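Grab a coffee and take a look around this protein with me. We'll start with the whole fold and then zoom in on a few spots.

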Amino acid sequence: MANDKILVVGGGISGITAAVEAAEMEYDVYLVEREPSLGGRVAQLRYYFPKLCPPTCGLEMNYRRIKTNPRITVYTLATVKSVSGGPGNYRVTVEIAPRYVNENCTACGECEKVCQGERENTFDFGLSRTKAIYLPHPMAFPLRYVLDKSALAEGDLDRIMAACKYDAIDPNMQPQTVELEVGAIIWATGWKPYDARKLDNLGYGRFANVITNMQMERLASPTGPTGGKILRPSDQTAPKTVAFVQCAGSRDENHLPYCSYICCLASLKQSLYLAEQDKDTEIFIFYIDIRTPGRYEKFLRRAQEEARINFIKGKVAKIEEDPETKDLIVTAEDTLSGKKVSQRVNMVVLAVGMQPSLAEGEVPAGVSVDENGFVRISEGMYACGCARLPLDVMTSNETATAAALKAIQTIVRG
């Protein structure tokens, strides 16, 4: 007889959707997330397709569904280490890292005020810093602080513990191992931006004003490092000219051989961010092909009408920096005119590709991935969202619902 519980690995929009859909069909679900809170990449965006909703739109509704459904058990800071067994009867080992802050935390923030140690804010992709004790982000679920003991300054721990009125700080918290028995597993492990430092000719990491498209999302977000104002990292001024470099790492046999599906749409969307803040901002999009699948074709027309976009069909050969102004010179061959183009701009945004989170990393024993790191589907073991292939949010949710159905079918078949 099959075990009637389902494990969902990954707490982004796909994993949350799969968990809620299965639980609302009256199946018990374990939702495992390696980060301190749920939300995934969607929580980092300014807006997401198809309706250009802010992240609060979809996530808060799903958080309410989780809170009111006792069939969902959430583990954060949790990593699947191994999977054994087969369809209907899996045994999964999950390791949970210590948060050092217990459930008494009310997120009052008094601990943060007295903390002096700092750490890089990975949620902002390094564009800001947090205190050693921090709330992962304003929409964090669970809404609870996390302590990075490696970032504490001298005396911080005593100050933090004295400031907490709720006895929520537990510096002696230990890692835990949990053994779960489930009938089916849904992998919703999502994606990570391709490492732009591997693109030597594009200057990321060497030139301050070359950023990635996900960093652009954080700059444009009201919860981001600049409060939503798009500013150059070098001097905190608003850029008047911006270049987008498409297929930065995608469709390239030396990096990611596939199309990442959403990068063209993301650059068009971010062109609208710039136009909203200053309609005179001039934008240059260097592209191989502009891909706006299905009904997104009309979004291309909207961007052309509302933003000052110059399209240049050509792969960027190199980016150089003017050391005095920190402006950037983008060089490419315009394949339509056959002429070499050298365009000076204030800032460059690299439209880096989507790489599955399990690529180039530790894959739990018992899980199969293809040569690019996408999860292979088999009976009892399903994948959804960008763990399966590059997708937008809407399609990710559709695959999550489908994965929940397939997982239930595995259990019902026994």
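Of the contacts in the protein with a separation of 6 or more, what share comes from residues 24 or more positions apart? It's 68%. Keep in mind that what you're looking at is a predicted model.

**The big picture**

Count up the secondary structure and you get 8 helices and 22 strands. The radius of gyration is 22 Å, close to the 22 Å that the globule rule gives for 414 residues, so the protein is as compact as a globular protein of that length. Its C-alpha trace spans about 70 × 55 × 35 Å along the principal axes.

How much of the chain is tucked away? Buried residues make up 56% of the 414 residues. On the outside, the protein exposes about 18300 Å², and carbon and sulfur atoms supply 48% of that area. There are 48 positive and 51 negative charges, and their mean positions sit 3 Å apart.

**Strands that pair up**

Now for some hairpins. Three pairs of strands are worth tracing on the model, and the table puts them side by side.

| Strand pair | Direction | Bridges | Residues between the strands | Positive phi in the hairpin |
|---|---|---|---|---|
| Strand 4 (78–86) and strand 5 (89–96) | antiparallel | 8 bridges | 2 residues | G88, about 95° |
| Strand 17 (316–321) and strand 18 (328–334) | antiparallel | 5 bridges | 6 residues | K326, near 65° |
| Strand 18 (328–334) and strand 19 (339–345) | antiparallel | 7 bridges | 4 residues | G338, near 80° |

To find your way along these pairs, look for residues that face each other across the strands. A78 stands opposite I96 in strand 5. E320 is opposite I329 in strand 18, while the bridge partner of E333 is K340 in strand 19.

Strand 18 turns up in two of those pairs, with strand 17 and with strand 19. Is strand 18 mostly covered or mostly open? It's mostly covered, with 6 of its 7 residues buried.

Strand 19 gives us a residue with another story. K339 lies in strand 19, and with a relative accessibility of 57% K339 counts as exposed. Leaving aside residues up to four places away in sequence, K339 touches A332, E333 and D334. For a feel of distance across the model, try drawing a line from K339 to A78: their C-alpha atoms are 53 Å apart, and 261 residues separate them along the chain.

**A helix under cover**

Next stop: helix 5, which runs over residues 213–220. How many of its 8 residues are buried? The count is 8 of 8. In sequence order, they are N213, M214, Q215, M216, E217, R218, L219 and A220.

So what does the covering? The cover includes strand 12 (191–193), strand 13 (210–212), strand 14 (241–248), helix 6 (263–277) and strand 20 (347–352).

One of those elements, strand 14, holds T241. Buried or exposed: which is T241? T241 has a relative accessible area of 18%, and because the cut-off for buried is under 20%, T241 counts as buried. Its contacts, again skipping residues up to four places away in sequence, are E282, F284, R344, V345, N346 and M347.

**Some unusual backbone angles**

Here's a rule of thumb before the last stop. Most residues other than glycine have a negative phi, and most peptide bonds are trans.

Y100 isn't a glycine, yet has a positive phi of about 65°. You'll find Y100 in the loop between strand 5 and helix 3 (110–114). Y100 is also buried, with a relative accessible area of 16%. A107 is another non-glycine residue with a positive phi, this time about 60°. The loop between strand 5 and helix 3 is home to A107 too.

Which peptide bond is cis, with omega near 5°? That's the bond from F141 to P142. To spot P142, look in the loop between strand 8 (133–134) and strand 9 (146–147).

How values were computed. Residues are numbered from 1 along each chain as its sequence is written. This is a predicted model: local features need pLDDT of at least 70, side-chain atom pairs count only at pLDDT 80 or more; totals for chains, interfaces and linings use all residues. Side-chain values use heavy atoms; hydrogens and water are left out. The radius of gyration is taken over C-alpha atoms; the globule rule is 2.2 Å times the number of residues to the power 0.38. Buried means under 20% relative accessible area, exposed over 50%, partly exposed in between (1.4 Å probe, protein chains only). Contact means heavy atoms within 4.5 Å. Accessible areas come from the Shrake-Rupley method with a 1.4 Å probe; for residues, only the protein chains shown count as cover. Lys and Arg count as positive and Asp and Glu as negative; His and the chain ends are not counted. The place of a charge is taken as NZ of Lys, CZ of Arg, CG of Asp or CD of Glu. Two strands pair if DSSP finds at least two bridges between them.
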